[in-house]
Amino acid sequence: PPPPRSQKGVVTMKLNISYPATGAIKSVVIDDEKKLRLFYDKRVSQEVDGAALGDEFKGYVFKITGGNDKQGFPMMQGVLVNGRVRLLLKEGHPCYRPRRDGERKRKSVRGCIVGPDMSALNLVIVKKGDGELPDLTDKYVPRRLGPKRASKIRKLFNLSKEDDVRKYVIRRELPAKEKNGKTIKRSKAPKIQRLITPERISMKKAVITQKKERAQQRVSAAATYAKLLAKRKKEQRDRRASQIAKRRASSKGSVKRASTSSLKENAAKKVKTESGAAKPVVAAKPAAKVAPKAKAVVAKPAVPKVKAAAKVAPKKK
């Protein structure tokens with residue numbers, strides 16, 4: 001139930017106390033600010049001694065796990081603020097659940113430091129005190145659903161590998177159903193996960209053999225393909241070699257034919273010249289000797305001779 005509305009100047013806070021050993025939860029409303037000062041300035045995941053809350057909580061140690069302020073905004077671990085802030089949150093962050101892939105949203109969250117503006121505080125009993133708390137430590141709430149995984153069922157009942165896990169599954173009772181005047185009891189059991197049965201072992205062996213067969217088929221198929229490829233390449237090489245040999249033979253034949261035809265033509269010319277009348281040989285006239293041309297003499301310009309000046313004897317004084 002929601003905590004009662006606080007009067008003007010009166011601070012009230014609801015404490016949701018849980019005890020994991022029994023699975024029980026109890027809500028306690030405290031309107032005494034002196035008792036609530038015990039939690040002020042404490043952070044989420046810090047431990048608090050419960051003796052200040054009253055004699056009934058003597059010896060108990062509580063751990064703060066979260067809470068809400070008066071407007072309903074939840075406390076967020078890691079936000080070291082004694083108030084409310086707006087943060088851009090994405091997938092993986094607490095206090096936010098994305099509706100689309102890659103969605104981010106700016107939301108208001110309460111810091112992880114407890115203050116007087118808190119409306120509810122969640123506590124977990126870490127250490128039990130001397131006395132019993134009514135409807136909390138003296139009450140056992142059975143788990144609605146038991147373990148589902150085979151290893152966890154073995155751990156719960158301390159079973160060995162030889163024990164059959166299927167006999168130890170915790171069944172959930174359903175409301176009885178009447179049919180033809182008879183009441184039929186109904187229950188529901190979970191499907192055991194990671195359960196190793198003879199069918200599972202045989203199936204696993206079949207899968208392994210199939211994998212081995214597929215691997216052998218791949219190897220044989222690769223070998224046959226390689227053999228066929230080598231055969232085709234050899235045929236291609238032989239075909240190419242035969243084509244080259246034909247071309248060379250044809251080119252040699254054409255050269256031979258051309259040489260024989262030229263030889264025949266030369267022989268025919270010789271025969272024609274021999275069978276024809278011999279022409280009189282006319283002696284060639286000796287060539288007239290040509291006198292060598294006289295070289296042209298170029299007259300040099302006459303240089304006027306200058307008489308040497310007579311030496312003048314110096315006059316005697």
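Start by selecting R166 and D164 in this predicted model. The two residues form a salt bridge, and the closest N and O atoms are 3.2 Å apart. Colour D164 by accessibility and you will find a value of 28%, so this residue counts as partly exposed.

Keep both residues on screen and add the rest of their surroundings. D164 and R166 belong to the lining of the largest pocket, together with R154, K161, D163, V165, L195, I196, T197 and P198. How much space lies in the largest pocket? The figure is about 160 Å³. If you colour the lining by class, five residues come up as charged, four as nonpolar and one as polar.

**More salt bridges**

Now look for other pairs like the one you began with. Side chains of opposite charge can pair when their charged atoms come close. The count for the model is four salt bridges, and two further ones are worth a visit.

Select D69 and R84 next. Their side chains meet in a salt bridge with an N to O distance of 3.3 Å. Show the cartoon as well: D69 sits in strand β4 (residues 61-69) and R84 in strand β5 (residues 84-89), so that the pair links distant parts of the chain, 15 residues apart. Is D69 buried or exposed? D69 has a relative accessible area of 3%, which is under the 20% limit, and therefore counts as buried. Its partner R84 is partly exposed, at 41% relative accessibility.

Then move to R110 and D117, whose side chains form a salt bridge at 2.7 Å, N to O. Here the arginine is the buried partner: R110 has a relative accessible area of 0%. D117, at 29%, counts as partly exposed.

**Two loops**

Hide the side chains and go to T22, in the loop between β1 (13-19) and β2 (24-30). With a relative accessible area of 11%, T22 is buried. Which residues is T22 in contact with, once neighbours within four places in sequence are left aside? Select L136, T137, K139, Y140 and V141 to see them.

For a loop residue on the other side of the accessibility scale, select D41. This residue lies in the loop between α1 (33-36) and β3 (47-49), and its relative accessible area of 60% makes it exposed. D41 still has contacts to show you: not counting residues up to four places away in sequence, D41 touches N82, I113 and V114. While you are there, put a distance label between the C-alpha atoms of D41 and V81. They are separated by 9.9 Å, although the two residues are 40 apart along the chain.

**Zooming out**

Finally, show the whole chain as a cartoon. You can trace three helices and nine strands. Starting at the N terminus, the elements follow the order β-β-α-β-β-β-β-β-α-β-β-α.

Switch to a surface view for the overall figures. The protein exposes about 26800 Å², and carbon and sulfur atoms supply 55% of that area. Of the 317 residues, 20% are buried; D69, R110 and T22 from your earlier stops are among the buried ones.

One last view is a contact map. Take the contacts between residues at least 6 apart in sequence: 54% of them join residues at least 24 apart.

Technical notes: Residues numbered from 1 in each chain as written. Predicted model: local features only at pLDDT ≥ 70, side-chain atom pairs only at ≥ 80, totals over all residues. Heavy atoms only, no water. Helix = DSSP H or I, 4+ residues; strand = E, 2+ residues; numbered from the N terminus. Buried < 20%, exposed > 50% of the residue type's maximum accessible area, 1.4 Å probe, protein only. Contact = heavy atoms within 4.5 Å. Areas by Shrake-Rupley, 256 points an atom, 1.4 Å probe, with all protein chains shown as cover. 1 Å grid on protein atoms, 1.4 Å probe; cavity = no way out; pocket = protein on both sides within 12 Å on 5 of 7 lines; lining within 4 Å. Points joined across faces, edges and corners; volume = space filled by probe spheres on them. Nonpolar A, V, L, I, M, F, W, Y, C, P; charged D, E, K, R; others polar.
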